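Student: Got a minute to go through this one with me? I'd like to start with how the chains meet.
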Amino acid sequence: MFAGMAFRRPKSQLHLHLLIERKEIMLDLVGKRYYWFLLSILVIVPGMISLVVHGLRLSIDFTGGSLWELQMSRPVQPGEVRQVLSQNGIDDAIVQTADNNVVLIRMRELKEGSPQKDQLAQALRTAFGDFTELRLESVGPTLGTAIRNRAIIAVALTTIGILAYIAWAFRNTNNPFLYGIAAIIAMLHDVAVVVGIFSILGWLRGVEVDALFVTALLTVIGFSVHDTIVVFDRIRENLGRRAAPTFEQIVNYSLVQTLVRSLNTSLTVVFTLLALYLLGGETIRNFVLALLIGIVSGTYSSIFNASQIVVVWENRELHRLFARLRRQHAPA
Amino acid sequence: MRIRPWQTLIAIILLSLAAIWVDLPGRSLDPFGWKENITVRQGLDLQGGIQLVLEARPPAGVQVTQDVLQGTRDTIERRVNGLGVSEPVIQTRGNNQILVELPGFQDPERAVRVLQRTALLEIIDTQGQFLPVGTVVNTTAGPASEAAATPTPTETTLTPATTGATPTSGASAAGETPIATPEATPTPLETPTPGGPVYETIITGADLKDAYPTTDQFGNLVVGFELKPEAADRFYQYTSTHIGQPMSIVVDKQVINTATIRDAIRDRGIIQGLSAQEVRDLALQLKSGALAVPLEVVQSRTVGPTLGQDSIQKSIIAGLVGLSLVALFMILYYRLPGFISVIALLLYTSYVFALFKLIPVVLTLPGIAGFILSIGMAVDANILIFARIREELRLGRAITRAIEEGFNHAWPSIRDSNISTMISCMILFWFGRYVGATIIQGFALTLFIGVAVSMFTAIVVTRTLLRVLLTRGIFRDVRWYGISPSQIATAPASAD
């Protein structure tokens, strides 16, 4: 029985969450599906344009090169450091300074233990006094390409693995692959959002994409699908008990039922990530940012995209759209 | 149905006590020394250290087989052990790379020098010439190749599975080309004229029984070595017939010193003319054997110790704040079950941390982030269950029944969604093998363990605690569960 609708007892001081949970607000999420799609497109398109125009700012993990972080004994200007470097034959170094006299140098590959490194270190010591070497990361150019290929394979493998699992988990429904494909589209949505925003950030703020970014992306994929499956699971259950007359209503009912849970779960994850972003170390800040964006996007796509795609398909809305277009363009 | 949660509760309490005991730092409460080897293993990015990826650069026309790579790895491992680093990582990667991690080691130049040098020792017959130190020579064990990246124009073939060079003249063996990068050789190489003399190799590193730092009669630090019996015979025969003539000791085709043979030598000798550090490193390299193929550093990561310690402190604070926020939210929103889930979350933290210590998992910065992220995800299972319980309560089910139904209905969602996260973790683990190695693998492993343990705490621990509470009538009031009695559907559903 549709017992969830049985009570309506307005209480003004209640939190929105509770109102939704008590079904005092009956939300029509599925009916407005094309607005949700539009919102997604509005977020994704600028990022994709930036991706096409500017690409991603790849870190040395993918391009090869060196990242040298030094703590100087006195404050220095990036220009001074660049000058010393170019006197030693390095013209294309990018130098940044940070708190506590920390200097970050990005340059072509500087091998650990090479005479060139000794020479540079000596030159820097002569110019700025003694320093502590915080880290030196060096990646050879061929290795960078190999890592880039691995990253693409990893994303592809994750997609296939999850698609296969969903198809198996939903094997008792009419169209198991439909759920898998809808989940994958929602997941690609999240990947597009994160990659697009990082492309814009790379262009505006010089944020780089490194191996940790790929890690964040794969985690977001896992989380996005995790979230989508919870909704699909409800749809599967409600379909089984024929909780509402039409497929569209069943999906909407399932969404409303799982809405509070989806929001609460995201909230707890966002709490922990925000704490990490604001209080955690500098080295993983961009990694945490990618996770944060991805998880917010993942929550959105699982509520507003994944199930709606299933509805669009089941209602054969695309067929109708194409049919209408054909009629319009058909010669009278 | 009567549910008896007490046995499960006792099991959970025992498990938790064991986990907390493992979690306690150092040797506290450890009269029998069981915890001696259980420590938190910190990754490179936390305790500082060096990570190197070495790639085989075989001479032209030479194949690097898995056997050769494995042999090289073993040689590298022996050298690393000589450096005195605790918990190093030495892995082969793909078909031509070796990954070396030296946690806590802070001298990158020395690490590269010790690991990269081929260290092929030869004692050659100089045919009466007195070769100056630093001369680069061709020997019967193989010609010298040019310095830098020029490919070796050599007819050398690589004998698979040979770690050391074979002493038989004529037959070339693995590892005779000197290292192809200039940084490995302290002085610039003089290239011998291609048609220059080829000196006969009498002894190679493979003939050594032992090598060690020692002192000569003047008190200088030198490398002492001992030969294997059959080589000793050969050496005796040679030296006894060449008294008064010079003989050179050559490492990687470069003359280290030349001495006049004063006496027949059987099985012991010394290598003079090196600095103290060079003596220690060369002895280590000779003892560990020559590298089967020259190696080049293609990736390196050096982290100073201060950066990591700072990150640990920040991460711990961030973790505590995140945990408190989640706890506060759960209690305010879900009331009694929320409070129970916070207890479950604390137990979850203690279990996961104990597993990290026992397995052991190498903790890295992204790994800690993965752990903190899993705290947020761990409550997801509880949120799913509690949302279900509330729905059941509103349908008018009795509390005990509502809780059981909530758990049963939420299970498929929890299972399916967590499996998808685990699939990504496994692929991440594979990906991590080829990239930042332990850094990304640490994240994948911690997240995987976190998700797996969270299923246990959410299902078993929370459920048992709730069942135990329900044995007290006072906790059966629906207000404990965040809803008022007025919200319950009037239609009586089936009571238990």
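Student: So how many residues does each of chain A and chain B put into the contact?
Tutor: This is a predicted model, and in it chain A gives 65 residues to the contact and chain B gives 65 residues.

Student: Which parts of chain A supply that side?
Tutor: β4 (131–139), α6 (141–169), α8 (211–240), α9 (247–279) and α10 (285–314) of chain A each bring at least two residues to the side that touches chain B. By class, that side of chain A has 36 nonpolar, 18 polar and eleven charged residues.

Student: What does β4(A) pair with?
Tutor: Strand β13 of chain B, residues 295–303. The two run in the antiparallel sense, with five bridges. In that pairing, A:S138 stands opposite B:S300 of β13(B).

Student: Switching topic: in the largest nonpolar core, which residues touch the most other members?
Tutor: That core has 208 residues, and the ones you want are A:A183, A:L217, A:A290, B:V100, B:V223 and B:A369.

Student: Take B:V223. What does B:V223 touch?
Tutor: Leaving out residues up to four places away in sequence, the contacts of B:V223 include B:I270, B:I271, B:L274 and B:L286.

Student: And how do α7(A) and α10(A) pack?
Tutor: Helix α7 of chain A, residues 176–205, packs on α10(A) at about 145°, and their axes are 8 Å apart. The crossing is right-handed.

Student: Which residues make that contact?
Tutor: Among them are A:A183, A:H189 and A:F198 from α7(A), with A:A290, A:G294 and A:W313 from α10(A). By class, the contact has 16 nonpolar, seven polar and one charged residues.

Key: Residues are numbered from 1 along each chain as its sequence is written. Chains are lettered from A and ligands numbered from 1 in the order in which they are written. This is a predicted model: local features need pLDDT of at least 70, side-chain atom pairs count only at pLDDT 80 or more; totals for chains, interfaces and linings use all residues. Two residues are in contact if their C-beta atoms, placed from the backbone, lie within 7 Å. Helices (H or I, at least four residues) and strands (E, at least two) are DSSP runs, numbered from the N terminus. Ala, Val, Leu, Ile, Met, Phe, Trp, Tyr, Cys and Pro count as nonpolar, Asp, Glu, Lys and Arg as charged, and the others, Gly among them, as polar. Two strands pair if DSSP finds at least two bridges between them. A nonpolar core is a set of buried Ala, Val, Leu, Ile, Met, Phe, Trp, Tyr and Cys residues joined through C-beta atoms within 7 Å. A residue is buried if 20 or more other C-beta atoms lie within 10 Å of its own, exposed if 12 or fewer, and partly exposed in between; C-beta atoms are placed from the backbone. Axes are lines fitted to C-alpha atoms, for helices over the stretch in contact, and angles run from 0 to 180 degrees between N-to-C directions. A crossing is left-handed if the near helix is turned anticlockwise from the far one by less than a right angle, and right-handed if clockwise.
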